[in-house]
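Okay, everyone, thanks for coming. I'd like to walk you through one chain today, so have a look at the sequence and the model before I start.

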Amino acid sequence: LFHELELAPGFKSPNPSDFDYDAYIKYTENSMPPESPLLFGMHPNAEIGFRTNSTEKLFFDILAMGGGSDGAGSGEGSQRN
């Protein structure tokens, strides 16, 4: 049924009669291409926006955890609106 079915771009299903369940799992774990927007049917540039948003959130969270001191020495922390 799934013989030669393309499960992901460049990743075809092997012949099921040649594999048992454990061999299928091992094949999938070792042969699956790395995650990319193409695997999810997205444009290759979609990853740029995702990584940009993730990075901005990460740095915002780091600043929020650090107290957000403005470094002026006044002893008061700055707040982000």
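**A walk along the chain**

So, starting from the N terminus, the elements of this chain run β-β-α-α. In other words, we've got two helices and two strands. Before we go on, please keep in mind that what you see is a predicted model.

How confident is the predictor, then? The mean pLDDT of the chain is 78, and 78% of its residues reach 70 or more. Going element by element, confidence is lowest in β1, with a mean of 76, and highest in helix α2, with 91.

Now for the surface. The chain has 81 residues, and 6% of them count as buried. Its accessible surface comes to about 7,000 Å², and carbon and sulfur atoms make up 57% of that. What about contacts across the sequence? If you take contacts between residues at least 6 apart in sequence, 9% of them join residues at least 24 apart.

Let's go to the strands. Between β1, residues 6-8, and β2, residues 11-12, there's a loop, and Gly10 is found in it. Is Gly10 buried or exposed? Gly10 counts as exposed because its relative accessible area is 72%, and the cut-off for exposed is over 50%. Here's one for the distance fans: Gly10 and Met32 are 22 residues apart in sequence, and their C-alpha atoms are 8.9 Å apart in space.

A little further on we meet Ser13, which is in the loop between β2 and α1, residues 21-31. Ser13 has a relative accessible area of 2%, so it counts as buried; the cut-off there is under 20%. And what does the side chain of Ser13 make a polar contact with? The partner is the side chain of Tyr24, at 2.6 Å.

Tyr24 takes us to the aromatic rings. A search of the whole structure finds two aromatic pairs. In one of them, Phe19 and Tyr24 sit edge-to-face, 5.8 Å centre to centre and with 70 degrees between the planes. Why do I give you two numbers? Because a pair of aromatic rings is described by the distance of the centres and the angle of the planes. Phe19, Tyr24 and Tyr27 form one aromatic cluster. As for how covered they are, Phe19 is partly exposed, at 26% relative accessible area, and Tyr24 is partly exposed too, at 22%.

Last stop, helix α2, residues 46-65. This helix has 20 residues and reaches 29 Å from its first C-alpha to its last, close to the 28 Å expected at 1.5 Å a residue. How many of its 20 residues are buried? The count is zero, and α2 is hardly covered.

Let me pick one residue from there. Ile48 has its place in helix α2. With a relative accessible area of 55%, Ile48 is exposed. Along the chain, Ile48 and Pro37 are eleven residues apart, and their C-alpha atoms are separated by 9.9 Å.

To recap: Ser13 is buried and Gly10 is exposed, Phe19, Tyr24 and Tyr27 form an aromatic cluster, and α2 has no buried residues. That's my tour, thanks for listening!

Methods: Residues numbered from 1 in each chain as written. Predicted model: local features only at pLDDT ≥ 70, side-chain atom pairs only at ≥ 80, totals over all residues. Heavy atoms only, no water. Helix = DSSP H or I, 4+ residues; strand = E, 2+ residues; numbered from the N terminus. Buried < 20%, exposed > 50% of the residue type's maximum accessible area, 1.4 Å probe, protein only. Contact = heavy atoms within 4.5 Å. Areas by Shrake-Rupley, 256 points an atom, 1.4 Å probe, with all protein chains shown as cover. Polar contact = N/O pair within 3.5 Å; in protein donor to acceptor, adjacent residues only side chain to side chain. Phe/Tyr/Trp six-rings, centres within 6.5 Å; stacked < 30°, edge-to-face > 60°. pLDDT = per-residue confidence, 0-100. Expected span 1.5 Å × (residues − 1).
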